[in-house]
Amino acid sequence: MLRLEPRPEPSRRMLALTPFAAVLLTMLAGGFLFASLGTNPLDAIRVFFWDPLFDSTVASYTRPQLLVKAAPLIIIALGLSFGFRAGIWNIGAEGQFIMGAIVGGSAGLAVYPAEGVWVFPMMVAAGALGGLLWAMIPAILKIRFNANEILVSLMLVYVAFNILAGLVTGRLRDPDGFNWPESRNFQAYPSAHNAELFAGTGVHVGVIVMAVLVLLCHLVLRNHIFGFHVRLAGQSRQAARFAGINPHVLTALCLGLSGAFAGLAGLFELAGPAGKLSTNFPLGYGFTAIIVAFLGRLHPIGILLAGLLMALTYIGGELAQFMLNVPAAAVQVFQGMLLFFLLAVDFLVNYRIRVRLRPPEDTGAAPGTETRGDTVNGPGPGKSGEEPA
Amino acid sequence: MIDLAGLSPAALVASLMVAATPIMLAAIGELVVEKSGVLNLGVEGMMIIGAVCGFVAAVETGSPVVGLCAAIAGGMLLALIFAVLTQVLLSNQVATGLALTLFGLGLAAMMGQSYAGIKPPPTPRLDVPVLSDLPGLGPILFSHDGVLYLSIAVVFGVWLFLRQSRAGLVLRATGENHDAAHALGYKVVRIRIAAILFGGAMAGLGGAYLSLIRVPQWTEGMTAGAGWIALAIVVFAAWKPWRILIGAYLFGGVTMLQLNLQAIGVGIGVAYLSMAPYIVTILVLVIMSADRRRASLNAPACLGRAFHAST
């Protein structure tokens with residue numbers, strides 16, 4: 001019979017290996033999914049994961065898209081990873097993404113049609129500020145009133161979306177447009193346009209910022225006291241308290257940071273690939289970034305890889321829609337499955353499977369039975385004990 | 001357009017009961033789950049799966065009852081994934097719940113793709129004999145569909161179960177202190193799985209109520225945060241079943257008022273009025289959580305904590 005035996009220490013090897021196992025399992029399950037939709041699973045996997053990168057006819061278009069799609073996912077996920085490590089769950093990044101775009105975009109439109117090198121940096125700063133302030137709402141409500149940040153940040157996604165819908169039919173509507181509920185197109189406003197820097201690569205300012213942030217977050221997490229505080233709070237609330245970490249400050253910092261990052265991503269997306277504000281602007285990056293953060297093991301380098309993979313599923317999904325008639329939502333199903341499988345194989349980090357021939361004689365609880373697993377505090381599963389037989 | 005006097009209170013009450021029912025069903029299910037010590041954030045995902053399963057089954061068979069049953073089954077199936085992951089493989093409950101929602105939204109969109117714009121078979125209204133003929137109150141309270149009455153019955157049943165039955169006591173014990181419950185010989189994992197499945201069934205039914213009775217139509221992402229509001233209502237209710245009733249009707253009221261104001265055209269943009277339910281949810285959360293001591297007294301002590309029996 002099989003038995004889960006707790007490891008004395010989380011396995012680092014498993015921590016690195018399980019994401020790959022999850023990807024493989026997802027591909028397998030995805031194959032079944034596509035087969036059930038009447039698509040040849042091998043074709044589907046090829047279109048999803050191989051053609052966007054290597055197919056001679058489409059790759060020249062899809063390869064640059066990889067960075068365009070990955071940049072916002074990675075930037076948002078980097079911000080989220082700090083909070084997730086510390087047990088502070090900001091799941092409203094989508095709302096902060098939208099608010100960053102609204103505030104940053106409004107700043108740009110306010111000075112339209114002024115030209116100058118200062119326009120775009122100002123918009124970037126405004127975008128980050130917009131996301132930051134939006135994320136401070138759950139932070140303040142959590143600190144001051146103990147309101148659950150998960151629910152508040154999520155509710156604010158719907159509020160942000162309605163603000164967006166209200167603005168594009170109102171104050172931010174393009175005065176030179178044909179009454180469409182859309183803002184002016186930033187791609188037609190040179191000083192504000194987040195243009196491709198090197199032709200054919202998809203690299204815009206946001207991609208550069210993403211690369212810098214990956215490095216920066218890596219250094220902060222490893223070497224800076226803030227990174228230490230975040231990691232400590234995630235492992236043990238009490239230890240963090242004894243170390244003199246103020247939980248309120250930590251909440252504000254983690255939420256603020258993730259909000260600012262999401263706002264940045266929103267502004268880069270708006271001024272670049274999206275071009276204009278409309279109700280079609282939010283694409284769910286804020287939610288997919290949650291998967292990216294977990295798949296990347298809340299580690300900056302891991303997030304970089306996970307973000308690229310997730311971007312690939314977006315592009316592959318579009319391609320599959322076009323070439324194999326696979327429904328658009330298949331991508332979302334795929335991404336959801338990936339997170340499921342990741343969580344499913346996660347226990348291998350903290351447990352090992354032992355095969356036992358004879359069932360244990362005493363399955364009742366011994367006195368002093370203790371479970372230390374406290375999932376609210378961190379992304380890892382419970383840390384002690386064994387399966388009840 | 002009509003002026004404010006055009007708001008008929010009778011119609012408003014009747015429609016707020018309808019608007020509240022999906023949230024109430026999902027919330028009472030989640031209450032049982034949380035009472036057993038499990039935090040399932042996947043309510044939204046289970047609801048939308050229920051909505052699409054119910055819709056597809058009802059359209060294909062022509063029977064709304066089959067649709068409702070399919071919705072329950074769909075919600076339970078999704079809940080089963082959550083149960084296996086969190087109870088057997090001990091995954092993080094917050095992350096797994098989120099995964100459930102993301103996966104559910106995607107899967108529902110895929111399943112419902114070819115069903116957009118179709119009308120489902122109508123669900124017959126159940127007029128309570130005699131009572132529905134009462135002048136004034138009759139049409140408001142006693143002339144609804146069966147599921148609405150069922151939802152109220154479920155709230156009452158859960159109250160009775162948790163408060164009066166031995167099994168309810170065991171369930172609460174599991175949520176308050178899983179180690180003690182385990183030491184007494186109760187199967188913590190099994191009890192929790194059963195609770196999670198009940199939560200899934202109720203969320204699924206609530207979702208189907210949306211797509212089959214309240215709207216009635218299938219549109220992608222039609223739950224629009226109802227599952228999350230249900231989670232907030234459990235907090236609002238301080239984990240007490242009868243308060244779920246109040247909470248859900250309060251939200252139904254806000255939703256209907258907002259919709260009616262939109263119809264009248266009060267000079268506030270539609271988009272800004274649509275925010276109302278979400279903002280009210282936040283306000284309610286703030287008010288209910290502000291008193292830290294009372295809030296922590298009400299919440300099940302083992303909420304969200306993984307259980308693992310050690311020998």
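**Exercise 1. Characterise the interface of chain A and chain B, beginning with the count of salt bridges.**

*Solution.* Between chain A and chain B the count is zero salt bridges, a salt bridge being a side-chain nitrogen of Lys or Arg within 4 Å of a carboxyl oxygen of Asp or Glu. The model is predicted: local features need pLDDT of at least 70 and side-chain atom pairs pLDDT 80 or more, whereas totals for chains, interfaces and linings use all residues. Residues are numbered from 1 along each chain as its sequence is written, chains are lettered from A and ligands numbered from 1 in the order in which they are written, and side-chain values use heavy atoms, with hydrogens and water left out.

Step 1. The rule finds one residue pair in polar contact across the interface, both at pLDDT 80 or more. A polar contact is a pair of N or O atoms within 3.5 Å; within protein, one must be able to donate a hydrogen and the other to accept it, and residues adjacent in sequence count only if both atoms are side-chain atoms.

Step 2. On the side of chain A that touches chain B, two or more residues come from each of α5 (119-145), α6 (149-168), α11 (285-295) and α13 (330-345) of chain A. Helices (H or I, at least four residues) and strands (E, at least two) are DSSP runs, numbered from the N terminus. The largest share, 13 residues, belongs to α6(A).

Step 3. This side divides into 42 nonpolar, 16 polar and seven charged residues. Ala, Val, Leu, Ile, Met, Phe, Trp, Tyr, Cys and Pro count as nonpolar, Asp, Glu, Lys and Arg as charged, and the others, Gly among them, as polar.

Step 4. In total, 65 residues of chain A are in contact (heavy atoms within 4.5 Å) with 59 residues of chain B.

**Exercise 2. Describe the surroundings of B:Y186.**

*Solution.* Step 1. B:Y186 lies in the loop between α8 (178-183) and α9 (188-214) of chain B.

Step 2. B:Y186 counts as partly exposed because its relative accessibility is 26%; buried means under 20% relative accessible area, exposed over 50%, and partly exposed in between (1.4 Å probe, protein chains only).

Step 3. Leaving aside neighbours within four places in sequence, B:Y186 is in contact with B:R166, B:V170, B:A181 and B:I191. The side chains of B:Y186 and B:R166 are joined by a polar contact of 3.0 Å. B:V170 is 16 residues away along the chain, and its C-alpha atom is separated from that of B:Y186 by 7.7 Å.
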